[in-house]
Amino acid sequence: MDYDMLVIGSGPSGRRAAVQSAKLGKSVLVVDRGRRLGGVSVHTGTIPSKTLRETVLNLSGWRERGFYGRGYRVKQDISIGDLIQRLHKTLDHEVEVLQHQFMRNTVKSARAAVKFIGPNKVSLTADNGDYSEVGFANALIAVGTRPHRPRDVPFDKTRIFDSDEMLELHHLPRTLTVIGAGVIGVEYATIFSALDVPVTLVEPRNTILDFVDREIVDDFIHQMRDRGMTIRLGSAVNVIASKPDHAEVTLADGRTIRSEMVLYAAGRSGNVGALGLDVVGIEADSRGRIKVDPQTFQTSAPNIYAAGDVIGFPSLASTSMEQGRVAACHAFGVPLPPPPETFPYGIYAVPEISTVGQSEEQVRESGGAYEVGVARFRETSRGHIMGVNTGFLKLLFSVETRRLLGAHIVGEGATELIHIGQAVINLGGTVDFFVNNTFNYPTLAEAYKIAGLDAWNRMGRG
């Protein structure tokens with residue numbers, strides 16, 4: 001059978017492209033080789049790690065420790081079972097919603113491995129060996145990524161894990177070493193630290209999260225160290241060894257780190273190996289990423305698109321959804337307005353980090369005069385009520401146009417609060433918006449007014 005749109009992968013970009021194509025009256029087939037629909041986002045990535053984080057913060061009483069002290073806990077003995085129980089409930093719900101969405105929009109789905117056998121044809125091989133061929137007018141490659149697993153790292157699921165395997169732990173580690181301080185590394189490191197597990201975070205580079213405003217990152221590192229995490233920056237890893245009663249990480253400077261478990265979270269690779277891309281003339285780089293036109297998401301084969309993590313940065317569920325929608329609209333000739341210049345970036349560590357627009361480093365590089373407004377959460381009444389001692393909001397304004405250029409938050413609720421900054425930036429708002437508007441009181445969002453006034457007092461009335 002032939003389809004107008006063949007979607008390979010059912011993660012955020014695949015799901016959105018499938019539904020958008022169906023809404024345009026097209027015939028759609030989604031093929032995924034996973035046991036259930038949802039892709040990496042639902043099963044090993046976005047949803048599980050965020051669910052794990054939420055469960056840990058609730059059961060550990062982390063949010064209340066500002067009031068009751070560092071020794072406070074809601075549940076004294078938290079087991080891996082407590083964490084997994086909530087995880088499965090959430091995942092079941094996500095899959096159910098997705099299946100219903102496909103059914104409502106008459107999107108067909110199949111479980112099989114896909115291989116291109118021509119510019120408009122693929123083969124499907126099911127787990128039981130059943131083979132079929134399907135034709136397509138347009139295709140979207142949305143296969144996502146998997147953890148990068150170097151050959152010299154002895155992954156064994158007992159002492160040494162990748163980030164997917166962290167969801168299959170049999171018990172909580174007494175001590176944990178995390179190698180790689182990218183988004184996934186810092187999220188897991190801080191989540192386990194919130195459970196009072198002693199964590200060592202190792203990163204070969206001298207800096208972490210380079211796309212985030214430096215002042216936010218510096219505060220984040222300070223908060224991690226303040227609660228007892230060990231952070232080794234500029235430390236390359238020489239050897240990782242699994243011993244009978246512990247794991248051992250030897251660094252290039254000769255130091256040795258012993259812990260019960262090691263999480264290796266240094267990068268991810270695209271799941272493109274078995275797709276037969278050479279048949280359609282598409283090349284992937286050494287990490288399995290596919291190059292696309294950034295406006296249309298077309299690959300070097302014009303009727304084949306790619307979206308989501310498999311095309312690289314920013315690798316966010318939110319941006320992947322938009323990419324899938326844009327690709328589907330382009331495939332069927334539906335014009336779209338250009339996307340907004342900025343999108344928010346959320347890092348679900350403990351504490352959260354969220355950022356939109358330009359960092360102070362980028363503003364400084366552009367050469368225009370600017371002013372900064374800062375509000376610390378402990379300065380807000382809501383912060384006092386919640387017992388929040390840390391976290392702050394930072395706003396960057398152009399002195400010439402008075403417009404908001406960037407908003408950056410580290411602390412409780414950052415990923416929710418950032419959308420106020422996003423709206424003001426994308427609508428061309430100025431510092432006067434924050435000064436002249438009334439915010440609910442007491443809220444953390446009131447920090448926008450405090451930071452706006454902070455900058456306004458130095459900028460004057462304009």
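Biologist: How many salt bridges does a search of the whole structure find?

Modeller: The search finds 26 salt bridges, and bear in mind that this is a predicted model.

Biologist: What makes R63 and E412 a salt bridge?

Modeller: The cut-off is 4 Å between a side-chain nitrogen of Lys or Arg and a carboxyl oxygen of Asp or Glu. R63 and E412 come to 3.0 Å, N to O, so the pair passes the rule.

Biologist: Where do the two partners sit along the chain?

Modeller: R63 is in the loop between helix 3 (46–60) and helix 4 (65–68). E412 is in the loop between strand 22 (404–410) and helix 11 (414–426). They are 349 residues apart, which is how the pair links distant parts of the chain.

Biologist: And why is R53 with E352 called a salt bridge?

Modeller: The closest N and O atoms of R53 and E352 are 3.5 Å apart. The limit is 4 Å, so this pair qualifies.

Biologist: What are the domains here?

Modeller: The domain assignment gives domain 1 as 3–147 + 269–332, domain 2 as 160–266 and domain 3 as 351–459. Between domain 1 and domain 3 the count is two salt bridges. The interface of domain 1 and domain 3 also has two residue pairs in polar contact, both at pLDDT 80 or more.

Biologist: Which classes of residue does domain 1 put up against domain 3?

Modeller: The side of domain 1 that touches domain 3 has one nonpolar, one polar and two charged residues.

Biologist: How do you know that domain 1 and domain 3 touch, with 33 Å between their centres?

Modeller: The 33 Å is a separation of centres, taken over C-alpha atoms. Contact is judged by heavy atoms within 4.5 Å, and by that rule four residues of domain 1 are in contact with seven residues of domain 3.

Biologist: What area is buried between domain 1 and domain 3?

Modeller: About 450 Å², with carbon and sulfur atoms giving 38% of it. In domain 1, R53, R63 and F67 lose the most area to domain 3, together 77% of what that side buries.

Biologist: What does UniProt say about residues 344–449?

Modeller: The unreviewed entry annotates them as "domain: Pyridine nucleotide-disulphide oxidoreductase dimerisation". In the model that span is 33% helix and 27% strand, and its end C-alpha atoms lie 20 Å apart.

Biologist: Which peptide bonds are cis?

Modeller: F313 to P314 is one, with omega near 5 degrees; P314 is in the loop between strand 17 (304–306) and helix 8 (317–331). V350 to P351 is cis too, with omega near 5 degrees, and P351 is in the loop between strand 18 (345–347) and strand 19 (353–357).

Biologist: What makes L209 worth a mention?

Modeller: L209 has a positive phi of about 50 degrees although it is not a glycine. L209 lies in the loop between strand 10 (199–203) and helix 7 (214–226).

Definitions and conventions
Residues numbered from 1 in each chain as written. Predicted model: local features only at pLDDT ≥ 70, side-chain atom pairs only at ≥ 80, totals over all residues. Heavy atoms only, no water. Domains from an automatic or database assignment. Buried area = accessible area lost by both parts, 1.4 Å probe. Polar contact = N/O pair within 3.5 Å; in protein donor to acceptor, adjacent residues only side chain to side chain. Nonpolar A, V, L, I, M, F, W, Y, C, P; charged D, E, K, R; others polar. UniProt positions renumbered as here; feature names shortened; annotations may be inferred. Helix = DSSP H or I, 4+ residues; strand = E, 2+ residues; numbered from the N terminus.
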